[in-house]
Amino acid sequence: MSRRVVRQSKFRHVFGQAAKADQAYEDIRVSKVTWDSAFCAVNPKFLAIIVEAGGGGAFIVLPLAKTGRVDKNYPLVTGHTGPVLDIDWCPHNDNVIASASDDTTVMVWQIPDYTPVRNITEPVITLEGHSKRVGILSWHPTARNVLLSAGGDNVIIIWNVGTGEVLLSLDDIHPDVIHSVCWNSNGSLLATTCKDKTLRIIDPRKSQVVAERFAAHEGMRPMRAVFTRLGHIFTTGFTRMSQRELGLWDPNNFEEPVALQEMDTSNGVLLPFYDPDSSIVYLCGKGDSSIRYFEITEEPPFVHYLNTFSSKEPQRGMGFMPKRGLDVSKCEIARFYKLHERKCEPIIMTVPRKSDLFQDDLYPDTPGPEPALEADEWLSGQDAEPVLISLKEGYVPPKHRELRVTKRNILDVRPPASPRRSQSASEAPLSQQHTLETLLEEIKALRDRVQAQEERITALENMLCELVDGTD
């Protein structure tokens, strides 16, 4: 019986390639803040990068097509009074982005499809609940308007952005600084890593740790953890001798790792970017000039090294495009946005194929922009897998959708209905009354907005008249 020497995999020949020079984004002053986040977030419409800003924190948002040199006066998103530490696009609305800052707040922004004339300074909503810097953000993968934030106060807060309310606060689970937080595919569990060297699996709605592993990696430097498609946990960390290490764990049996591999000696924390469709994990170290990638399978050794993309320049951060933003006609299976000191460079990962036809084995149905649940449904205990879309005809982002925030009336003394109890017929009038209040508030807000636009038009017309008079 002949022994198969080479492992069969359609991803064995994946190769990375930097985009041409004219496809990069030049003259961007990338933030120099010392913080282990990606500093970059990207979706099928926009590229967002945390930048240097005097007197507060800021990030720049560019339409994907706006490549080349960026004007030094290009409008920024400003509003934080301290450096911005993390940004994350909403998976269910490509025009909505959240930012976390050293100033203890989280802000949620509506980005217009057109290029604004001046800096965007007014967030849709400001979320205040942390007592120290906020360094981690993550939107819920399937529930509308649910956002997680983690701060230097060792607290995880889960917000309903649509109302500005705190849904859940996990404040007695982590005794030290939280290094990373990741949702599983349906948003029912969290995987967190902490400075106390413990990897935890948390059920956020019960505020319970359902499994934990001390010293998944024995070194003191920060760990990272992500859920895989099969429910395993993939981790990066350091050995006691400061060698970088990767691990794969089964939460049902944390005693022994499924796989544990030493890599190299370097100080940079490895940021894992996991693609559940291909089960490939890409490891990008801050300060490294390479991206290593591995395929996670069910056969030993479970984590299979594929290849390394190397370049000359070290990376300051990295953005990872969702699957629906890729070019399926070119067999592109991942796209990164690598931050240099003064520019952002796309890096494209491709599976070599001769055929020009749609490769359905490379592109299974993938999570689309529609949420599967409302925030209240998720809080009440419901779970749902992401709503999938096919990429066969390519993905066209939907038109601008506005995030509507309806703040609950804090003077309303009615006790809130328990989220776990279905509404009875006797409560129906209250919900109708709430709907009426909401509609009236929306009508008032629209009127105010129209009035503001009219005032702005009048001001612009006056300026035009003055200019015309001046030229005469």
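In the predicted model, a search of the whole structure identifies three cavities of 30 Å³ or more, and the largest cavity encloses about 90 Å³ of space. Its lining is formed by 13 residues, among which Val61, Tyr74, Ile111, Tyr114 and Pro116 lie nearest the centre. When the residues lining the largest cavity are sorted by class, eleven are nonpolar, one is polar and one is charged.

Across the whole structure, 13 aromatic pairs are found. In the pair formed by Tyr25 and Tyr337, the ring centres are 6.4 Å apart and the planes stand at 45°, so the arrangement is classed as tilted. This pair links distant parts of the chain, since Tyr25 belongs to strand S2 (residues 25-26) and Tyr337 to strand S29 (residues 332-339), 312 residues apart. Tyr25 counts as buried, with a relative accessibility of 2%, and Tyr337 is likewise buried, at a relative accessible area of 3%.

A stacked pair is formed by Phe46 and Trp89, with 5.5 Å from centre to centre and 15° between the planes. Here too, distant parts of the chain are linked, with Phe46 in strand S4 (residues 46-51) and Trp89 in strand S8 (residues 84-89), 43 residues apart. Phe46 is buried at 4% relative accessibility, and Trp89 is buried at 6%.

Phe273, Tyr282, Tyr293, Phe320 and Phe336 together make up one aromatic cluster. Aromatic rings also lie beneath charged side chains: the charged end of Lys286 is placed over the ring of Phe39, 3.6 Å from its centre, while Arg221 lies over the face of Phe238, at 5.2 Å from the ring centre.

Methods
Residues are numbered from 1 along each chain as its sequence is written. This is a predicted model: local features need pLDDT of at least 70, side-chain atom pairs count only at pLDDT 80 or more; totals for chains, interfaces and linings use all residues. Side-chain values use heavy atoms; hydrogens and water are left out. On a 1 Å grid over the protein atoms alone, a cavity is a set of points where a 1.4 Å probe fits but cannot get out, and a pocket is an open set with protein on both sides within 12 Å along at least five of seven lines; lining residues have an atom within 4 Å of a point. Grid points are joined across faces, edges and corners, and a volume is the space filled by probe spheres set on the points. Ala, Val, Leu, Ile, Met, Phe, Trp, Tyr, Cys and Pro count as nonpolar, Asp, Glu, Lys and Arg as charged, and the others, Gly among them, as polar. Rings of Phe, Tyr and Trp (its six-membered ring) pair if their centres lie within 6.5 Å; planes under 30 degrees apart count as stacked, over 60 as edge-to-face and the rest as tilted. Helices (H or I, at least four residues) and strands (E, at least two) are DSSP runs, numbered from the N terminus. Buried means under 20% relative accessible area, exposed over 50%, partly exposed in between (1.4 Å probe, protein chains only). A charge sits over a ring if NZ of Lys or CZ of Arg is within 6 Å of the ring centre and within 35 degrees of the ring normal.
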